[in-house]
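User: I would like to go through this model step by step, asking of each label why it applies. Please set each value against its cut-off before you conclude.

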There are 2 protein chains.
Amino acid sequence: MKPTERRILEAAGKLFSQRGFHATGMRAIARAARVSLGTIYHHFKSKEEMLLALLREEYDKRRRAIEALKEEDLPVPEMIRRTAELHFRLLLETGPSLRPLAQGLRGLSPQAKRAAIAMREEFVNYLASLIGEGISRGQIRRCDPVIAAHSFLGMVEAVSARAMEGDGVAVRIQERGAVELAEIAWRALAPDTPQGGQR
Amino acid sequence: MKPTERRILEAAGKLFSQRGFHATGMRAIARAARVSLGTIYHHFKSKEEMLLALLREEYDKRRRAIEALKEEDLPVPEMIRRTAELHFRLLLETGPSLRPLAQGLRGLSPQAKRAAIAMREEFVNYLASLIGEGISRGQIRRCDPVIAAHSFLGMVEAVSARAMEGDGVAVRIQERGAVELAEIAWRALAPDTPQGGQR
DNA sequence: ATAATTAAAACGAACGTTCGATAGACAAGG
DNA sequence: CCTTGTCTATCGAACGTTCGTTTTAATTAT
């Protein structure tokens, strides 16, 4: 990807996550990327295409990281913990986070919305299969894997969203968030008979 | 509140939650409420004021319900369970749910944004104080109450959001969501020494 | 040459909002 | 009973702005 495209995409991602997709204008993106309006349209077909490119990047980042995690062949509960930390840290690091991006879904063109939802679903289903796997191995308690996966993502994203406000509470959450979330996720999914036991 | 205002507010709430705040135009609201543009502005100062009125209504609804729950003087873990179910069911019932509304925050005027965030914070802090109370009574494990509260809301809202899609998965989540969420919340917050024990 | 970038103008559409006109309700004064 | 005035509700045209996008011509880099 060319440096100009990178700069444009980064500026767009930052603005989308700060102000929301619909509240961000192409002129603001151009200004932030220090590029003209024409240049943006030289590289991207539309504003929606930029959003989808950003979503794709973020999901790919997580998919790669989780698959690397899978290589380590950890027990499933530990995978859950690490995935919580991973998702949380990525949300904090990358300005253009998934959460504000996904918020802009409503009001998109039907096909763009479908594409964005499909990406999200793919991610959720991957987590759900991970959880289902853990259940059949007895490493996770019996529960609805899809609901558990949505709960998992929802809580991580809500906490990270709060951590991105500018106040003092946000700072504490940035420090404590990952470990607290991992703890919550672990306890919520741990089997009744503690074979992997506490911690 | 006059019937016309009710109709306008209901239409606005439904559209905001379906398409998002920024993607919903005043003309669409007028059309859905079967009134003219002028009538809307006769009753409401601005589009933002409508959003804030809706948010206030929804938060009030929850505050009243939770305070009624508090009257019963249940053990805190049971309160957590019930609150999860309550929030989840309210999100499903009311078209104009808090989640899509809160999504529209970005891009609002500074004062409107401040007001909306303050409402959300008040709700979160109430839950956090509930959790803190439970900790000091030994009914909830030691954890960060604010992070736990955000996690709690985030997961309920994420699951309910998925439950509002139109497909078959959504139907199952509508049926199972409340009990699964209550289970997750309870396990995530239960103390290590099971005095209230399982269930 | 070919591609990348620029500034600027323009497009139609949609945006949130304002405004003047109209209609009905209700009461007061004749 | 009729008028007159005042109030509120409702309408729909119109305002000015901004939107995403396209286009054009000129300039710079590869």
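User: What makes A:E57 and A:R6 a salt bridge?

Analyst: In this predicted model, the closest N and O atoms of A:E57 and A:R6 are 3.1 Å apart. The rule asks for a side-chain nitrogen of Lys or Arg within 4 Å of a carboxyl oxygen of Asp or Glu, and because 3.1 Å falls within that limit, the pair is called a salt bridge. Across the interface of domain 1 and domain 2 of chain A, the rule finds one salt bridge.

User: Which elements of domain 1 of chain A form the side that touches domain 2 of chain A?

Analyst: Two or more residues each come from α1 (3-19), α2 (26-32) and α3 (37-43) of chain A. The most is given by α1(A), with eight residues, and by class this side of domain 1 holds ten nonpolar, four polar and two charged residues.

User: How are the two domains of chain A bounded, and how many residues of each are in contact?

Analyst: Domain 1 of chain A covers 1-44 and domain 2 covers 48-189, with their centres, taken over C-alpha atoms, separated by 25 Å. Contact joins 16 residues of domain 1 to 16 residues of domain 2. The area buried between these domains is about 1100 Å², and carbon and sulfur atoms give 75% of that area.

User: Why is an area used to describe an interface?

Analyst: The size of an interface is often given as the accessible area that is lost when the parts come together. For chain A and chain B, the buried area is about 3400 Å², of which 57% is given by carbon and sulfur atoms, and 40 residues of chain A are in contact with 40 residues of chain B.

User: What makes B:R162 and A:E121 a salt bridge between the chains?

Analyst: The side chains of B:R162 and A:E121 meet at 3.0 Å, N to O, and since the limit is 4 Å, the pair meets the rule and is therefore counted as a salt bridge. Across the interface of chain A and chain B the rule finds six salt bridges, and the count of residue pairs in polar contact, both at pLDDT 80 or more, is eight.

User: Which elements of chain A touch chain B?

Analyst: The elements that give two or more residues to this side of chain A are α1, α6 (98-103), α7 (110-136), α8 (145-163) and α9 (168-189). Of these, α9(A) gives the most, with eleven residues, and the side of chain A that touches chain B divides by class into 16 nonpolar, ten polar and 14 charged residues.

User: Is B:T83 buried or exposed, and why?

Analyst: B:T83 has a relative accessible area of 3%, and because buried means under 20%, B:T83 is called buried. This residue is placed in helix α5 (residues 76-93) of chain B, and, leaving aside neighbours within four places in sequence, B:T83 is in contact with B:I66, B:L69, B:L127 and B:F152.

User: Why is A:R89 called partly exposed?

Analyst: The relative accessible area of A:R89 is 42%; buried would require a value under 20% and exposed a value over 50%, so A:R89 is classed as partly exposed. A:R89 lies in helix α5 (residues 76-93) of chain A, and its C-alpha is 12 Å in space from that of A:E58, the two residues being 31 residues apart in sequence.

Notes
Residues numbered from 1 in each chain as written. Chains lettered and ligands numbered in written order. Predicted model: local features only at pLDDT ≥ 70, side-chain atom pairs only at ≥ 80, totals over all residues. Heavy atoms only, no water. Domains from an automatic or database assignment. Contact = heavy atoms within 4.5 Å. Buried area = accessible area lost by both parts, 1.4 Å probe. Helix = DSSP H or I, 4+ residues; strand = E, 2+ residues; numbered from the N terminus. Nonpolar A, V, L, I, M, F, W, Y, C, P; charged D, E, K, R; others polar. Buried < 20%, exposed > 50% of the residue type's maximum accessible area, 1.4 Å probe, protein only. Polar contact = N/O pair within 3.5 Å; in protein donor to acceptor, adjacent residues only side chain to side chain.
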